[in-house]
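I opened this structure to see what could be looked up about its ligand, its charged pairs and its backbone. My entries are below, in the order I made them.

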Amino acid sequence: MKTVDEHLEAILTAIEPIDSIELGLLEAEGGVLTEDVTASHPLPSFDNSAMDGYAVRAAYLSGATAWHPVTLPVVGEVVAGDTGAYAVIPGTAVRITTGAQLPTGADAVIPVEWTDAGAGGRPPGAKVQVRRAADAGHAIRHSGEDLQAGDQVLAAGTVVGPMQIGLLAAAGRGAVRVRPRPRVAVLSTGNELAEPGSPVTMGRIWDSNSFMLTAAARQAGALAHRHGTVPDDAHELMTTIEDELARADVLITSGGVSMGGVHDVVKDALSGLGSVEFSKVAMQPGMPQGFGTVGDDRTPIFTLPGNPVSAYVSFQLFVRPALSALQGTDPQRLRTTRAVLTDPLPSPAGKRSFARAVLNGGAVTPLAGQGSHRLAALARANALIVVPEQVERLEAGEEAEVMCLP
Ligand code: AMP
Ligand code: MG
């Protein structure tokens, strides 16, 4: 038997990051940059106004107060988007809107609130009464104050999220090189599986794993697609997997990997497609695990156990870190903390166990119904209590390691 850590280590060693591609900004969302992006222009690219008001020469207004206002002729107007050449000569003002280029000769913007808003009509011939002086530089956004041309906008390795997309767009980039979100194909094996929403006859069950694992892969940042169910037929499973290889960076199957079952066809199907190692991992739930690569591109495949809780816990322990490794970033693992048990918890000797539990502040309560088929208990849990291999029982009041479920 392998330990949980050995199995994860083997997976992470085998995973090679997917190729990077150039993608438009929204397609790159969730991707990991593989280039250092530098600024081709300063940001902002020109001096502009931070407020609606009047562009002036500050020195000319130095004495202005509410009691002694200064009146200036308004010689023009510049609004955001205007591309002409504008100038302020000392002793005059140009009406200006937020984001409009600062006229040459101006060194401050007087907010409209500090004036009579130009009661004298529209320029030319207009006048504005200014009731407060400003220092040079007031309400001006200087060219390059966010980034200078040549500065690093974002470093390779950065995850492209909404804020980074905003910055890339502001810096004028329409596309970037990223390792995109990995594409994951999920399928369930089992003759007993029926489609939720359709009737089941006695002896059959609704497929839950492929839905749950597809959702979990999406939650972990992948572009996951549910293929659905495949019967326990090695040939059909093999052709399905071959077909899915064309559109996936990772494959996940569930079921059909128990040790020695004659109907456990996953091994047979995969023996012709690649090299997948089936092993027992010293854990509960989730002992039978398989991992390897299939197809010409050596696409990673996880063959997870069929019991739904086992499949889910296996996903979080093994697939989640692998998905980030595929994007070339540090493997993301579930956050862990420590908490005090409210109730005793037995645990199998020689296996690391992951008990479904409710974490509430510093206290953690194991849920009733730890069977690895018991989805209702799983769905009530927000945490897994991790009990080490050599520990066979934790007492109430003892502190334990707890993994927080996403
Ligand atoms: P297996 O690993 O195929 O032997 O399956 C172990 C147990 O998990 C059996 O009780 C299966 O019926 C159940 N199981 C397998 N696949 C699924 C699935 N996709 N959804 C729900 N239960 C499943
Ligand atoms: Mg089965």
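These entries go from the ligand to a salt bridge and then to some backbone details.

Entry 1, the model. I noted at the start that this is a predicted model.

Entry 2, where the ligand sits. I looked for the place of ligand 1 and found it in the largest pocket. I then looked up which elements give two or more residues to the shell around ligand 1, and these are β13 (183-189) and β15 (205-206).

Entry 3, the shell. I counted the surroundings next: 16 residues surround ligand 1. The closest are Glu 192, Asp 207, Ser 208, Gly 256 and Ser 258. I sorted the shell by residue class and got 10 polar, 4 nonpolar and 2 charged residues.

Entry 4, backbone contacts to the ligand. I went through backbone N or O atoms that approach ligand 1. One from Gly 256 lies 2.8 Å from an oxygen atom of the ligand. For Gly 306 I noted 3.2 Å, again to an oxygen atom of ligand 1. At Asn 209 the partner is a nitrogen atom of ligand 1, and the distance is 3.4 Å. I also looked up how much of the ligand is covered: on its own ligand 1 has 480 Å² of accessible area, and the protein covers 77% of that.

Entry 5, salt bridges. How many salt bridges does the structure hold? I found 13. As background, I wrote down that side chains of opposite charge can pair when their charged atoms come close. I picked one pair to follow, Asp 5 with Arg 352, whose closest N and O atoms are 2.9 Å apart. This pair links distant parts of the chain, with the two positions 347 residues apart in numbering. Asp 5 belongs to helix α1 (residues 4-14), while Arg 352 belongs to strand β24 (residues 352-360).

Entry 6, cis peptide bonds. I checked the bond that joins Leu 43 and Pro 44 and noted that it is cis, with omega about -5°. Pro 44 is in the loop between β3 (37-38) and β4 (48-49). The bond from Gln 284 to Pro 285 is cis too, with omega near 0°. I placed Pro 285 in the loop between β19 (283-284) and β20 (288-294).

Entry 7, a positive phi. I looked at Ala 117, which is not a glycine yet has a positive phi of about 65°. Where is Ala 117? I found Ala 117 in the loop between β8 (108-111) and β9 (126-130).

Terms used:
Residues numbered from 1 in each chain as written. Chains lettered and ligands numbered in written order. Predicted model: local features only at pLDDT ≥ 70, side-chain atom pairs only at ≥ 80, totals over all residues. Heavy atoms only, no water. Near = heavy atom within 4 Å. Polar contact = N/O pair within 3.5 Å; in protein donor to acceptor, adjacent residues only side chain to side chain. Areas by Shrake-Rupley, 256 points an atom, 1.4 Å probe, with all protein chains shown as cover. 1 Å grid on protein atoms, 1.4 Å probe; cavity = no way out; pocket = protein on both sides within 12 Å on 5 of 7 lines; lining within 4 Å. Sits in = over half its atoms within 2 Å of the grid points. Helix = DSSP H or I, 4+ residues; strand = E, 2+ residues; numbered from the N terminus. Nonpolar A, V, L, I, M, F, W, Y, C, P; charged D, E, K, R; others polar. Salt bridge = Lys/Arg side-chain N within 4 Å of Asp/Glu carboxyl O.
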